[in-house]
Amino acid sequence: MIIIPGRNYIDESIELANKLGAEILSVKYKVFPDGERYVRIENSEKIRGETVIVSNTMYPSQNDSFIETIMLINAVVKAGASRVIAYIPYIAYSRQDKIFLPGEPVSAEIILKTLYSTGIDCLLTIDIHSDHILESMGKCFYNILVFELLFDSIKNILNNPVVIAPDKGALSRAKYLADKYNLQYDYLVKERDKTTGEITIQPREILVENRDIVIVDDIISTGGTIAEASKRLTEKGARRIAVCASHGLLIGNAIDNIKKSGIIKIVLGNTLGIRHQDPFIQYIDVSVKTASVLKEITK
Ligand code: R5P
């Protein structure tokens with residue numbers, strides 16, 4: 001088995017290769033004077049007849065990462081791989097998974113269709129925003145959830161917490177974690193203004209008084225959702241509140257805003273090509289789960 005590390009995810013891809021006993025082939029990256037991208041896989045003669053995993057993530061520099069990833073896939077196909085698997089822990093544009101306002105595209109569909117049409121046999125990702133769009137492709141995919149790994153690192157600072165989804169869309173995530181640890185779970189009702197993006201969380205009867213809370217979500221971007229959820233839960237008498245999220249973009253003042261909302265800790269998967277250096281944030285290596293899925297599908 002061979003792993004091709006994408007520019008956004010080199011160390012993590014090496015870690016995955018170590019867990020799998022796979023060989024890593026280096027890639028030369030270049031930007032042409034006009035801004036176009038170039039990739040070349042070194043020692044590509046080793047690819048013929050092999051199972052090859054292209055491992056890259058799509059944040060930061062979503063657009064460049066996307067084009068480099070599909071160029072790597074194309075190069076692997078051209079070099080004669082017998083099976084091509086894309087491992088893209090964070091798939092950008094996944095939140096535009098439907099037409100919210102007339103005239104919009106379904107961006108998530110474009111990304112997925114392009115990945116499959118470039119020649120992958122299977123796609124592995126971590127907690128895509130909505131898996132219905134993956135399912136609708138009718139192709140091989142694994143959407144890996146890692147909340148138990150994230151929660152494991154904070155379970156000692158919370159007493160029998162209630163797992164809370166900040167909106168109904170995240171309820172399956174809350175249920176997933178609650179079922180693993182035999183916890184109670186519930187959800188909040190979030191509304192987002194389709195034009196301004198402003199978030200409000202509507203009142204809803206939910207029993208959190210004097211309870212510790214773990215909020216679960218796929219993505220923290222501006223932190224608005226998590227901060228708003230924390231404020232509403234605190235109003236209802238919640239005690240300590242921590243967050244487990246698969247992907248922490250944490251744009252601009254997100255970290256400060258989340259801290260101000262009363263949250264004591266954020267645990268994130270190492271799914272992106274950035275790390276925020278703040279003791280408030282803890283990263284968990286998700287490759288242990290990816291490696292076990294890859295072992296299963298390639299045996
Ligand atoms: C939305 O439905 C997602 O699951 C996240 O809740 C959202 O993307 C978080 O964005 P922000 O941190 O900007 O509120």
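A salt bridge here is a side-chain nitrogen of Lys or Arg within 4 Å of a carboxyl oxygen of Asp or Glu. The structure in these exercises is a predicted model.

**Exercise 1.** Decide which criterion the side chains of Lys19 and Glu15 meet, and place the two residues in the fold.

Solution.
Step 1. The N to O distance between the side chains of Lys19 and Glu15 is 2.7 Å.
Step 2. The cut-off is 4 Å, and the pair is a salt bridge.
Step 3. Side chains of opposite charge can pair when their charged atoms come close.
Step 4. Both residues belong to helix H1 (residues 10–20), where they are four residues apart, about one turn of the helix.
Step 5. Over the whole structure, a search returns 21 salt bridges.

**Exercise 2.** Describe the site of the ligand, from its pocket to its polar contacts.

Solution.
Step 1. The largest pocket holds the ligand.
Step 2. Around the ligand are 15 residues, of which Asp217, Asp218, Ser221, Thr222 and Thr225 come nearest.
Step 3. Sorted by class, this shell has six charged, six polar and three nonpolar residues.
Step 4. At least two shell residues come from each of strand E11 (189–192), strand E13 (213–220) and helix H7 (224–235). The most come from E13, which gives four.
Step 5. Now take the distances to oxygen atoms of the ligand. For a polar side-chain atom of Asp218 the distance is 2.5 Å. A polar backbone atom of Gly223 is at 2.8 Å, and an N or O atom in the side chain of Arg95 is at 2.9 Å.
Step 6. The ligand taken alone exposes 380 Å², and the protein buries 91% of that area.

**Exercise 3.** Where in the fold are the cis peptide bond at Pro60 and the positive phi of Tyr93 found?

Solution.
Step 1. As a reference, most residues other than glycine have a negative phi, and most peptide bonds are trans.
Step 2. The bond from Tyr59 to Pro60 is cis, its omega being near 5°. Pro60 is in the loop between strand E5 (51–55) and helix H2 (62–78).
Step 3. Tyr93 is not a glycine, yet its phi is positive, about 70°. The loop that contains Tyr93 runs between strand E6 (83–87) and helix H3 (107–118).

Definitions and conventions
Residues are numbered from 1 along each chain as its sequence is written. This is a predicted model: local features need pLDDT of at least 70, side-chain atom pairs count only at pLDDT 80 or more; totals for chains, interfaces and linings use all residues. Side-chain values use heavy atoms; hydrogens and water are left out. A residue is near a molecule or strand if one of its heavy atoms lies within 4 Å of it. A polar contact is a pair of N or O atoms within 3.5 Å; within protein, one must be able to donate a hydrogen and the other to accept it, and residues adjacent in sequence count only if both atoms are side-chain atoms. Accessible areas come from the Shrake-Rupley method with a 1.4 Å probe; for residues, only the protein chains shown count as cover. On a 1 Å grid over the protein atoms alone, a cavity is a set of points where a 1.4 Å probe fits but cannot get out, and a pocket is an open set with protein on both sides within 12 Å along at least five of seven lines; lining residues have an atom within 4 Å of a point. A molecule sits in a cavity or pocket if more than half of its atoms lie within 2 Å of its grid points. Ala, Val, Leu, Ile, Met, Phe, Trp, Tyr, Cys and Pro count as nonpolar, Asp, Glu, Lys and Arg as charged, and the others, Gly among them, as polar.
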